[in-house]
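Got the model open in your viewer? Let's take a short walk through it, one selection at a time.

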Amino acid sequence: MDDLWYSEYHTENVRFSIRVTRQLHSEKSDYQRIAVYETPEFGRFLTLDGVMMLTERDEFIYHEMITHIPMAVNPDIRRVLVIGAGDGGVLRELAKYDSVEEIDLVEIDRRVIEVCREFLPQTACGFDNPKVRVLIGDGIRHVRRVDNRYDLIIVDSTDPTGPGEVLFTKEFYGSCLHALTEHGIMVNQHESPFYAADAQTMQRTHRRIAQTFPLARVYQAHIPTYPSGHWLFGFASKGLHPLRDFQPALWEALGIRTKYYTPHLHRGAFYLPKYVEDMLADNE
């Protein structure tokens with residue numbers, strides 16, 4: 001085997017590397033550089049503009065935690081908006097709920113979907129759900145045009161650079177608030193609290209959401225291939241609380257199979273380390 005490695009800088013002084021057996025795809029779309037690699041340890045993985053988005057081995061953690069947390073708080077979710085998520089993993093998890101009637105997915109880059117369908121069927125199978133309507137376009141423009149429509153908005157964005165930058169603005173969060181129904185929930189990937197630059201983004205994101213939504217909380221998961229492995233998600237709503245309104249018995253009765261998420265983990269995910277609590281308190 002050739003000694004080929006993919007490396008991503010998490011900071012100027014920290015580099016994360018994975019042995020690669022081959023590059024399966026590389027192209028420059030209208031929006032970003034898209035690449036897919038194959039590895040002996042993590043299976044295939046996707047990068048956008050050189051940043052790792054998912055690997056076959058640990059993607060289930062991210063997709064389960066961004067999907068099942070809100071679904072277990074409000075079992076009456078019927079209409080869902082997913083912004084980003086061109087890999088299809090969130091759609092795959094949402095397909096486990098018969099109660100969900102409509103799923104709108106807005107992805108700005110059609111080629112991300114097409115590449116994932118070709119090379120990452122493990123997640124892209126989510127696009128086979130007949131309840132899914134794929135809209136190619138700008139997520140922020142879409143939410144501006146709707147009011148009181150969605151029970152859940154999942155913002156599965158890239159980092160706040162390039163095409164994903166607008167999905168971290170106060171204007172965008174305000175549009176999401178108006179697009180949600182009375183008991184609506186918004187969840188988003190919230191970056192990592194560990195390295196300084198990531199932590200600044202996390203704090204800025206939380207501040208903007210907390211200034212917009214009546215309720216804003218943060219929860220965590222361990223995702224090995226993401227910077228530091230310690231990753232955060234945001235839970236924002238018009239009133240539903242992720243713990244007080246959590247309905248574990250109803251969720252368990254659905255018989256949904258997961259590999260990471262459990263009702264016990266749901267509760268524990270909201271109990272954050274002290275240094276993260278301090279960072280969030282400074283921005284509330």
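Start at the second largest pocket, an open set of 1 Å grid points, over the protein atoms alone, where a 1.4 Å probe fits, with protein on both sides within 12 Å along at least five of seven lines; about 240 Å³ of space lies in it. This is a predicted model, with local features needing pLDDT of at least 70 and side-chain atom pairs pLDDT 80 or more, while totals for linings use all residues. Numbering runs from 1 along each chain, and hydrogens and water are left out of side-chain values.

Select R217, V218, F270, L272 and L280: of the 14 lining residues, these are the closest to the pocket's centre. Now colour β12 (215–222) and α10 (274–281), which each supply at least two residues of the lining. By class, the lining has nine nonpolar, two polar and three charged residues.

Next, select α6 (170–179) and α7 (196–212), which pack at about 40° with axes 9 Å apart. That makes α6 oblique to α7 (neither under 35 nor over 145 degrees, nor 65 to 115). Show K170, Y173, G174 and L177 of α6 against T205, R208, I209, Q211 and T212 of α7: these make the contact (heavy atoms within 4.5 Å).

Note on methods:
Axes are lines fitted to C-alpha atoms, for helices over the stretch in contact, and angles run from 0 to 180 degrees between N-to-C directions. Helices (H or I, at least four residues) and strands (E, at least two) are DSSP runs, numbered from the N terminus. On a 1 Å grid over the protein atoms alone, a cavity is a set of points where a 1.4 Å probe fits but cannot get out, and a pocket is an open set with protein on both sides within 12 Å along at least five of seven lines; lining residues have an atom within 4 Å of a point. Grid points are joined across faces, edges and corners, and a volume is the space filled by probe spheres set on the points. Ala, Val, Leu, Ile, Met, Phe, Trp, Tyr, Cys and Pro count as nonpolar, Asp, Glu, Lys and Arg as charged, and the others, Gly among them, as polar.
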